[in-house]
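Let's walk through a protein model together, one piece at a time. Keep the picture open and turn it as you read.

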Amino acid sequence: MKRHAPQATGPTTATEGDETLDDTFEALADPDCRAILGAADTAMTTSELAEACDIALSTAYRKVERLSETPLLVEGVRFDPDGDHAAEYTRGATDATIELGDDGVTLTVDDSAADPVSAAFDTTGVSAD
């Protein structure tokens, strides 16, 4: 299944009634997802994340899929000279804010403090490692 690679472009806001709100809170409640987010400060494949987090590869694939449906994890492509390109993932958020108001819960996930070198190249989602 080909997923649209989300781009880390600034704050993402989810409010009551938005599936992203529930998906993000569910992912944050999962210890394996939190471990993956902690490890994904640099671009890593699912296999690398599984190894770094000491979780089964099949579990890592499920958790990465779950996280990819939220603004928390950004998918990119690792190009290989031999043509064996692989999906790689990095943390898509540097900050999150929860607001409780009359309209319910609002979650804002922000990536504005992302690595300035990466931002200068404006190539989120593409790696030549």
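Start with K63 and look for the residues around it: leaving aside neighbours within four places in sequence, K63 is in contact with D30, D32, C33 and I36. Contact here means heavy atoms within 4.5 Å. You'll find K63 in helix α4, and K63 counts as buried because its relative accessible area is 15%. The cut-offs for that word are these: buried is under 20% relative accessible area, exposed is over 50%, and partly exposed is in between, using a 1.4 Å probe and protein chains only.

Before going on, a word about what you're looking at. This is a predicted model, in which local features need pLDDT of at least 70 and side-chain atom pairs count only at pLDDT 80 or more, while totals for chains, interfaces and linings use all residues. Residues are numbered from 1 along each chain as its sequence is written, and side-chain values use heavy atoms, with hydrogens and water left out.

Now zoom out. The protein has five helices and six strands. Both are DSSP runs numbered from the N terminus, helices being H or I with at least four residues and strands being E with at least two. Following the sequence, you meet them in the pattern β-α-α-α-α-β-β-β-β-α-β. Of the 129 residues in the protein, 33% are buried. Take the contacts between residues at least 6 apart in sequence: 57% of them join residues at least 24 apart.

Back to the helices. Two packed helices are described by the angle between their axes and the distance between the axes. How do α2 and α4 cross? The axes of α2 (residues 31-39) and α4 (residues 57-68) come within 10 Å, at roughly 80 degrees. Axes are lines fitted to C-alpha atoms, for helices over the stretch in contact, and angles run from 0 to 180 degrees between N-to-C directions. So α2 and α4 are roughly perpendicular to each other. That label covers 65 to 115 degrees; under 35 counts as roughly parallel, over 145 as roughly antiparallel, and the rest as oblique. On the α2 side, the contact uses D32, C33, I36 and L37, and these meet T59, A60, K63, V64, R66 and L67 in α4. Sorted by class, that contact has six nonpolar, one polar and three charged residues. The classes work like this: Ala, Val, Leu, Ile, Met, Phe, Trp, Tyr, Cys and Pro are nonpolar, Asp, Glu, Lys and Arg are charged, and the others, Gly among them, are polar.

Helix α2 also packs with α3 (residues 46-53), their axes coming within 9 Å and crossing at roughly 105 degrees. That makes α2 and α3 roughly perpendicular, too. Here A35, I36 and A39 of α2 touch L49, A52 and C53 of α3. By class, this contact has six nonpolar, no polar and no charged residues.

You may have spotted the cysteines. A disulfide is a covalent bond between the sulfur atoms of two cysteines. How many disulfides does the structure hold? Zero, where a disulfide is a pair of cysteine sulfur atoms within 2.5 Å. Why is C33 not bonded? Its closest cysteine sulfur, in C53, is 9.9 Å away, too far for a bond. C33 is buried, at 0% relative accessibility, and C53 is buried as well, with 15%.

Next comes the sheet. Strands of a sheet pair through backbone hydrogen bonds, either parallel or antiparallel. Look for an open sheet of three strands in the order β1-β5-β4, with antiparallel pairing. Two strands pair if DSSP finds at least two bridges between them. The edge strands are β1 (12-15) and β4, each pairing on one side only, and the twist averages 15 degrees from one strand to the next. Seven bridges join β4 (residues 95-101) to β5 (residues 104-110), and a hairpin connects this pair through two residues. Right there, G101 has G104 as its bridge partner in β5, while L100 stands opposite V105.

Finally, find α1, which lies across β1, β4 and β5 and runs at about 70 degrees to β5. T24 sits in α1 (residues 19-28) and counts as buried, at 1% relative accessibility. Not counting residues up to four places away in sequence, T24 touches T70, P71, L72 and L107.
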